[in-house]
Amino acid sequence: MTAALTLQDVACTFISKDQPGQRYTAVREVNLTVAAGEFVSVVGPTGCGKSTLLNVGAGLLLPSTGSVTVFGQPLVGINQRAGYMFQADSLMPWRTALANVSAGLQFHGVAEREAAGQADDWLRRVGLGGFGDRYPHQMSGGMRKRVSLAQTLVLDPDIILMDEPFSALDIQTRQLMENELLEIWQAKKKAVLFITHDLDEAIAMSDRVVVMSAGPGSRPIGDFPIDIERPRDVAEIKTSPRFLQLHRAIWEVLREEVLKGYQQQLKAA
Amino acid sequence: MWNFIKPRGGNLWLWQVGLLLALFAFWHVMTVPGLIPPMMFDNDSQAAFFFGEPLKVAERIWAWFVADADIYQHLGVTLAETMMAFAVGAGLGLGGGLWLALAPMASAILEPYIKAMNAMPRIILAPIFSVWFGLGMGSKVALGVTLVFFIVFFNVYQGVKEVSPVVLANARMLGADRRQLLRHVYLPSATSWVFSSLHTSVGLAFVGAVVGEYLGSSQGVGYLILQAEGSFDINTVMAGIVVLTAFALVLDSLVGKAEKHLMKWQPKSGETEKL
């Protein structure tokens, strides 16, 4: 079976615009595979280039070296088969919730009425039926995230890239959203590449957790399969013995990197 | 008593109207010959000669609008010039701003020229325009366009440059091609900047029309003022100014209405209702 998304020997070096001599290697020697229907989380200390990896997978960023393969095809330009849920607010502020969700369909040439119908359906699925005519500034952060989720999923992408999608939410909303996402994923079985700095979240959601080393030049240093049966409830699962065991094992690897990353930030400051 | 007339939200307009009446009363008392002994001038009628008399100004306005009803043609011309100058200037500014913001090389080449044209006192182009386009409406519209264009142009340019990169990346991931990005991301973002400059640009279109008329024309409110000035008819000049001011206010409130309608997606502070 071909993998949904493969990063092979990917390295990303950024050149400072003001001082061309100054270089910064965010990630290097990255080999990462997400199988079709697999939920993979990437955890790592802050500034370890997690978002860079996601941008490479989305085709928004060209890697300095290495290659990206999507369902066996080398990636050229934007990754058409992927949906991307951004960390920051990414809704178009001049569109209502409904128009935001239907935007992707509209871009793909779906008829207006058909697009609005599907968008409405997805809004209801993320619990925002009846909020379709609200503008982003009229909604709370949690509601905006739900609209983003609907906006990404309405296109039915084969690969879903998520960049700390719930990091800005309070803990209760977050658990609700995590459970919702798991439910939707369970039904559709898409390949998910999920970036987070929260190890609990990573273990609770994923089939596999990849640990990145501290930057600069970070790379995957650990790969842990999460063998907890599904369906899961993210709140309940956190007290199960297997969860704690896995948490301890991964934290062992992650802790050192977090400390390293912290030291580097102190040095830089 | 004081508590009743103390300025507050509810009687704000009363105070505003009262202030206007007080100003007119002051004007009246200071200028009508023989009402008070002359202070600044040698004789009674000089104040009226230099500053006009509010009653005569009102009489003039009444004659324009009701008795003779002969100002409508001139007002229509001035308003038509304003509208055309605004429409053409805003359209060109929008197009030019979008183009230069999305074509960095062209913008780099043209940068010094745009700076020079913006820095130039463009009112001075009026004589050239009257040579090119004659004394009719064309030269006034052209002058208004040069004034409006740069306001809109710079705002659109800025607006496109400041499109949120996340929103842009998101639209691309949702499958927008270049044309769709322009239509659905750059343009709405830029229009919000156009609207933020709308009050200024409509005002400047009006300035272009009136100044153009004043410098040479055969119709329009600026022409009326020019004629009156030629015969030292200060009351008519004042009447013209009052009419222009009133219409500028009307235009501004129309713009405010349009803005409110089209910009309802923009956050406003303080949307709560006190119960």
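A residue is buried if 20 or more other C-beta atoms lie within 10 Å of its own, exposed if 12 or fewer, and partly exposed in between, with C-beta atoms placed from the backbone. The model is predicted, so local features need pLDDT of at least 70 and side-chain atom pairs pLDDT 80 or more, while totals for chains, interfaces and linings use all residues. Residues are numbered from 1 along each chain as its sequence is written, and chains are lettered from A and ligands numbered from 1 in the order in which they are written.

**Exercise 1.** Place Ile78(A) in the chain and decide whether Ile78(A) is buried, exposed or partly exposed.

Solution. Start with the position: Ile78(A) sits in the loop between β5 (73-74) and β6 (82-85) of chain A. Strands (E, at least two residues) and helices (H or I, at least four) are DSSP runs, numbered from the N terminus. Next take the count: Ile78(A) has 18 other C-beta atoms within 10 Å, and is therefore partly exposed. Last, list the contacts, where two residues are in contact if their C-beta atoms, placed from the backbone, lie within 7 Å. Leaving out residues up to four places away in sequence, Ile78(A) touches Gly59(A), Arg172(B) and Met173(B).

**Exercise 2.** Describe the side of chain A that touches chain B.

Solution. First the totals: 19 residues of chain A are in contact with 15 residues of chain B. Then the elements: β6 and α2 (97-107) of chain A each supply at least two residues of this side, and α2(A) gives the most, with 3 residues. Finally the composition: the residues of this side divide into 13 nonpolar, 5 polar and 1 charged. Here Ala, Val, Leu, Ile, Met, Phe, Trp, Tyr, Cys and Pro count as nonpolar, Asp, Glu, Lys and Arg as charged, and the others, Gly among them, as polar.

**Exercise 3.** Give the strand order of the open sheet in chain A and name its edge strands.

Solution. The 4 strands follow the order β2-β1-β4-β5, with antiparallel pairing. Two strands pair if DSSP finds at least two bridges between them. The edge strands, each pairing on one side only, are β2 (23-34) and β5 of chain A. Now look at one pair: 8 bridges join β1 (residues 5-15) of chain A to β2(A). In β2(A), Tyr24(A) stands opposite Phe14(A).
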